[in-house]
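User: Please examine the structure shown below and answer a series of questions on its fold, its interior and its nucleic acid surfaces.

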Amino acid sequence: MARLAPLPRAFFARPTIEVARDLVGKVLVRRVGGRERRARIVEVEAYLGPRDAASHARHGPTKRVAIMFGPPGFLYVYLIYGMHHCMNFVTETDGVAGAVLIRAAEPLDGGDARELRGPGKLCLGLGVTVADKGTDLTRAAALYVADDGAPPPRLGRSPRIGVDYAGRWAARHLRFFARDHASVSGPRGRGTLSGARSRRPSRRT
DNA sequence: GCCACGATAGTG
DNA sequence: ACTATCGTGGCG
């Protein structure tokens with residue numbers, strides 16, 4: 001298997017939404033215990049700075065999320081609901097908050113396609129925990145991101161999952177995913193549709 | 001010091 | 001629709 005070069009810091013040092021869109025289709029490389037595991041990112045969400053009511057950055061640079069305000073290209077991991085880990089890539093220039101939540105990936109070395117579907121299962125499947133928080137994603141070490149030359153997938157977009165409390169920010173289409181991809185997360189294939197509308201008409205907004 | 005509440009996932 | 005399970009952050 002040819003070695004893949006990590007994406008440079010400049011890739012992450014851009015507006016969060018741009019980085020989020022460009023991350024779909026990229027390859028996640030996880031090295032642990034001498035083994036290398038690869039997975040293609042198929043679904044992400046953009047979380048912006050303090051003005052984004054759904055973002056962990058909304059309360060400013062507290063101890064937990066200070067990393068979101070720091071330099072780009074580092075890993076932010078947190079524990080949610082006391083049991084699931086979620087991985088995020090820090091974006092924007094140093095001093096500006098932003099991160100992209102990685103929600104689902106397609107295993108490239110075989111294995112169950114559902115294993116990495118959903119942010120919690122993705123971390124579980126790749127063995128990523130809060131201990132990995134702060135990892136430099138631009139170094140070819142335990143965890144990094146690469147471009148394997150695959151053509152960028154057609155993107156769908158939708159509101160972010162699980163942020164209904166965020167007022168008008170809940171409605172913004174900041175979730176991006178590879179259209180028609182089986183590895184996109186969500187009950188009933190939520191998001192395999194072309195973005196904005198769900199099968200059920202209306203129900204809010 | 002408390003206490004409410006999640007950027008979830010599996011089951012009923 | 002319900003809940004397991006715990007760190008974070010708001011508030012006093």
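The exchange below concerns this predicted model.

User: How many helices and strands are there in chain A?

Analyst: From the N terminus on, the elements of chain A follow the order α-α-β-β-β-β-β-α-β-β-α-β. Counted by type, chain A comprises 4 helices and 8 strands.

User: What percentage of the residues in chain A is buried, and what share of the contacts with a separation of 6 or more joins residues 24 or more positions apart?

Analyst: Chain A has 205 residues, of which 48% are buried. Among contacts in chain A with a separation of 6 or more, the share due to residues 24 or more positions apart is 60%.

User: Which residues have the most contacts inside the largest nonpolar core?

Analyst: In soluble globular proteins, nonpolar side chains tend to be buried together. The largest nonpolar core here has 53 residues, and a second, separate core of 5 residues includes L4, V27, Y144 and A146. Inside the largest core, the residues with the most contacts are L23, L28, V44, M87, F89 and I102.

User: Which residues does F89 touch, leaving aside those up to four places away in sequence?

Analyst: F89 is one of the residues with the most contacts inside the largest nonpolar core. Leaving aside residues up to four places away in sequence, F89 touches F12, L23, L28, I41, F74, L75, G98, A99, V100, I102, L137 and V145.

User: Do the buried residues of helix α2 lie on the same side or on opposite sides, and what arc do they cover?

Analyst: The buried residues of α2, which spans residues 16-23, are T16, V19, A20 and L23. An α-helix has 3.6 residues a turn, so residues three or four places apart point the same way. The buried residues are therefore on the same side of α2, as they cover an arc of only 100°.

User: What covers the buried residues of α2, and which residue with a positive phi follows this helix?

Analyst: The cover over the buried residues of α2 includes α1 (9-12), β2, β4, β5, β6 (143-146) and β8 (175-178). After α2 comes a residue with a positive phi near 105°, namely G25.

User: Which residues of helix α3 are buried, and what arc do they cover?

Analyst: Helix α3 spans residues 119-126, and its buried residues are P119, G120, L122, C123 and L126. They lie on the same side of α3 because the arc that they cover around the axis is only 165°.

User: What covers the buried residues of α3, and what is the phi of G127?

Analyst: The elements covering the buried residues of α3 include β1 (27-32), β2 (35-47), β4 (84-90) and β5 (99-107). G127 comes just after α3, and its phi is positive, at about 70°.

User: Where is E43 found, is it buried or exposed, and which side chain does its own side chain contact?

Analyst: E43 is found in strand β2 and is buried, with a relative accessible area of 0%. Its side chain reaches the backbone nitrogen of S185 at 2.6 Å. The side chain of E43 also makes a polar contact, at 2.8 Å, with the side chain of R103.

User: Which element supplies the largest share of the surface near DNA strand B?

Analyst: Of the 19 residues around DNA strand B, Y78, Y81, N88, G120 and Y165 come nearest. At least two residues of this surface are supplied by each of β3 (75-80), β4, β5 and α3. The largest share, 3 residues, comes from α3.

User: Which residue places a side-chain N or O atom 3.0 Å from a phosphate oxygen of DNA strand B?

Analyst: Of the atoms of DNA strand B within 4 Å of the protein, 54% belong to sugar or phosphate and the rest to bases. On the base side, a polar backbone atom of A54 is 3.3 Å from a base nitrogen. At a sugar or linking oxygen, a polar side-chain atom of Y47 lies 3.3 Å away. The phosphate oxygen has as its partner, at 3.0 Å, the side chain of H56.

User: Which residue has a polar backbone atom 2.4 Å from a base oxygen of DNA strand C?

Analyst: Around DNA strand C are H59, T62, R64, L79, Y81, G82 and M83. A side-chain N or O atom of T62 is 2.5 Å from a phosphate oxygen, and a polar side-chain atom of R64 lies 3.1 Å from a sugar or linking oxygen. The backbone atom 2.4 Å from a base oxygen belongs to Y81.

Technical notes: Residues numbered from 1 in each chain as written. Chains lettered and ligands numbered in written order. Predicted model: local features only at pLDDT ≥ 70, side-chain atom pairs only at ≥ 80, totals over all residues. Heavy atoms only, no water. Near = heavy atom within 4 Å. Polar contact = N/O pair within 3.5 Å; in protein donor to acceptor, adjacent residues only side chain to side chain. Buried < 20%, exposed > 50% of the residue type's maximum accessible area, 1.4 Å probe, protein only. Arc of directions from axis to C-beta. Contact = heavy atoms within 4.5 Å. Core = buried A, V, L, I, M, F, W, Y, C linked by side-chain atoms within 4.5 Å.
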